[in-house]
Each structure stands twice: as C-alpha cells, then as structure tokens.
Amino acid sequence: MHPSVPRPRALIALIVLLAAGAGFSLLRSVPPVPELHMSGRTMGTTYNVKYRPTQNTPTVKALQIEVDALLAEINHTMSTYDPESELSRFNRLDTTDWVSASASLHAVLKTALEVGAQSEGAFDITVGPLVNLWGFGPEFHPDRVPLERDIAAAHTRSGLDKVTLRDTQPAIRKHRPDVFLDLSGIAKGYGVDRVAELMTAHAIEHYMVEIGGEIRVRGLKEHDTPWRIAIEKPLPGERSVQTVLALSDIALATSGNYRNFFEIAGRRYSHTIDPATGWPVDNHLVSVTVLADTSMRADAWATAFQVLGPERGMAIAERLNLPVLFVIERDGRFEEQVCCAFERYRAQELS
C-alpha cells in the first residue's frame, strides 16, 4: 500500500477538529443574552420580574401589559381591600348556601385548606375577623389591644370547620353567615405562580418572579449561574442580609414579625394571629423561609410556621420534608435552625 494513502483521511480529521474548535471559540465569544426587567405595583406591594428573552419573546412593554392585566384579575378575585372583589362579595353574603367560585379562587382555597389541615390549623384563612380586630386588616383600627370579650366573639367566627369547598361545579360554602375569609397569607404566592406560568407559556426558560418577597425562579441567570436570593436579617428599620441562597427551578417565601407590628407598654403585638388563641403570636420566631415547588404553597407554609413556632414547626417540616430556615431571637441574638436539606441551597461565594 502506498505510504501516502492515509494522509487525506488524517487531513480531513484535522480540518474537522479545527472547524469544531473555531465553532467552539465563536460560541464562547458570543455575549450572553442580557436579562430584561419589569416592575410595578400589585396587591398593596411591588412586583419584579427578571428574565432572559428568546427570539420570539414579546417586547417588555407588551409582556408587562399581560402581567399587569393578570395581576389585576387576581387582585380583583382575592383582595379583601377591594369591596367588589369576588372574595369580598362572598364575605358579605348572609347565607350558608353553596356559592359558585372561579377557578382561581377555588385553586387557592383548596391549597389553603390542605395546608391548614397539614399544619394542624396553624394556617387558617378564617382568621379574618381576628386580623381586622387587631388592626391588621382592611378595616382601620388604632393600635390597641382589643377587649377580651371582642376577641372571644371574633374567635367564634373562625376555624377551618367553618368553610367547605366543592370540587364538582366549583363552589364554596360558609357554615355560618358571618364567616370572613382572608387570603393575604397565600394570594401573593399564587400571583407569583400565575406570572411564572405566563412566562413559561411564552417559552421563556430563565426567569425570576417576585411579589412582595414571595419568589419563584426557573433556569439560570444570564451568565448561567443560579439566581442569588438574599434573605433579610429580621431587624426592624434596617436592611441587611441574613443569608444568600442560590436557587433554580424552585419557589421561596419568607414570613416575619419584625416589620408589621405595634407596641404598647413595651410589648410587641405582631400581625400574625394564632388561630388557636386569637392573639398575635409570641414564640421567639422572628423569621421563617420556606422552599417549595410552588410559591403559593411556600407562602402558606411560611405563615403556618410563623404560628407554629420553632419546635412544633420543625417537627412538621421534618415530617413533610420541607426545606425551612427558622431565625429565632433569644436575648437579643439571632439563632438559625434549618430543616431538610436547606443548607444545600445556600450560595457559596465565588473564589
């Protein structure tokens, strides 16, 4: 065989390698698609959306019109501050008959009742009368401690046994006419999930959606790194970081008692009401962060754990395998307790 025969095959292989190398070099030199950002107001707070657009993604203006319309619809369904919302109209009804429910309201109520049962009643959407009585609802009250008889009267109107949900021909039913539902502990999370679904419907694979601190992320940031989410240190009047999480394809919610409260005679009364007692919680748990598959579920559980406190909360988190961070205040110092692989989500500083 002629000694020069193998050369063309070797030359072709070399050309293929060079071409592949050139292509790889060109791919690496292409700058990443920059993240786009939109923000606005909804549900009495703010929202932020960051995402990496694709070739067919609508303009920021067009996409924000869709987001604003979606959030306005959700707010008009679940707000207790909007007197004409679906929830407000239901709360005003003086009946115990079945009342038809929209798909959105039914979905939120179903998750709320599930979390309520799993949390042993700690998450209770019927505590609205108590929230209002303590001055943390849509009805204005000065900062004051209610009378015991008023707390007892409002307490009789609450309890997960006071409302029933029907799946076929979706409907809700009160078991006494004066039941008042409050979805403030879950509605923002639901809003986050719906906006996330909208992004996915537009084939956007990398995004971060946040409403009032409730968050859902998918994919990666523009440099193909996880989304870095800072958890606030629970200090009133300050903005500092307790820890930073590196997240992808997960939802997060944080609940705390360090901003919305009032003080009388040196005692702090927080906005989180314990359904069992009718009083604001007082259990040394100042902040809790929950990771879950949906923001709606994380939102509800963050409130539930705030009520349960660190001991009972940790036991339930372990039973349900929920990644949770509890921040507890003892003698003016903060102590962390974590559950169920939460540590693996902490961001590692880049070297």
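1. Disulfides and the two adjacent cysteines. The structure holds zero disulfides. This is a predicted model, and that count applies to the model as it stands. C339 is buried, at a relative accessible area of 3%. C340 is buried as well, with a relative accessible area of 19%. The value for C340 falls just inside the class, because buried means under 20% relative accessible area.

2. Backbone after β15. Strand β15 spans residues 333-339, and C340 lies in the segment that follows it. The phi angle of C340 is near 60 degrees, a positive value in a residue other than glycine. A341 is also placed in the segment after β15. Its phi is near 65 degrees, again positive in a residue other than glycine. Most residues other than glycine have a negative phi. Both residues are therefore worth noting against that background. As to exposure, A341 counts as partly exposed, at 45% relative accessibility, whereas C340 is buried at 19%.

3. Overall make-up. The protein chain has eight helices and 15 strands. Of its 351 residues, 46% count as buried. Taking contacts between residues at least 6 apart in sequence, 60% join residues at least 24 apart.

4. Q242. This residue belongs to strand β9, which covers residues 241-247. Q242 is buried, with a relative accessible area of 17%. Its side chain and that of E336 are joined by a polar contact of 2.8 Å. Once neighbours within four places in sequence are set aside, Q242 is in contact with I231, E232, K233, P234, V327, F334 and E336. E336 thus appears both in that list and as the partner in the polar contact.

5. T289. Strand β13 holds T289. At 0% relative accessibility, T289 counts as buried. The side chains of T289 and T254 make a polar contact of 2.9 Å. Not counting residues up to four places away in sequence, T289 touches I231, L252, A253, T254, P323, V324, L325 and F342. I231 is one of the residues in contact with Q242 and is also among those touched by T289.

6. G159. The loop between α6 (148-155) and β4 (163-166) contains G159. G159 counts as buried, at 13% relative accessibility. Leaving out residues up to four places away in sequence, it touches D124 and T126. G159 and G116 are 43 residues apart along the chain, and their C-alpha atoms are separated by 9.8 Å.

7. Largest pocket. The volume of the largest pocket is about 1600 Å³. Its lining is made of 48 residues, and those closest to the centre are S184, K188, G212, E214 and H271. Two or more lining residues come from each of α2 (60-78), α7 (187-201), β7 (214-218), β8 (227-232), β10 (250-256) and α8 (295-320). By residue class, the lining divides into 22 nonpolar, 17 polar and nine charged residues.

8. Second largest pocket. This pocket encloses about 410 Å³ of space. It is lined by 17 residues, of which R268, D282, H284, V286 and E329 lie nearest its centre. Strands β12 (267-270) and β13 (285-292) each supply at least two residues of the lining. The largest contribution is that of β12, with three residues. The lining divides into eight nonpolar, five polar and four charged residues. Strand β13, one of the two strands named for this lining, is also the strand in which T289 is found.

Key. Residues numbered from 1 in each chain as written. Predicted model: local features only at pLDDT ≥ 70, side-chain atom pairs only at ≥ 80, totals over all residues. Heavy atoms only, no water. Disulfide = S-S within 2.5 Å. Buried < 20%, exposed > 50% of the residue type's maximum accessible area, 1.4 Å probe, protein only. Helix = DSSP H or I, 4+ residues; strand = E, 2+ residues; numbered from the N terminus. Polar contact = N/O pair within 3.5 Å; in protein donor to acceptor, adjacent residues only side chain to side chain. Contact = heavy atoms within 4.5 Å. 1 Å grid on protein atoms, 1.4 Å probe; cavity = no way out; pocket = protein on both sides within 12 Å on 5 of 7 lines; lining within 4 Å. Points joined across faces, edges and corners; volume = space filled by probe spheres on them. Nonpolar A, V, L, I, M, F, W, Y, C, P; charged D, E, K, R; others polar.
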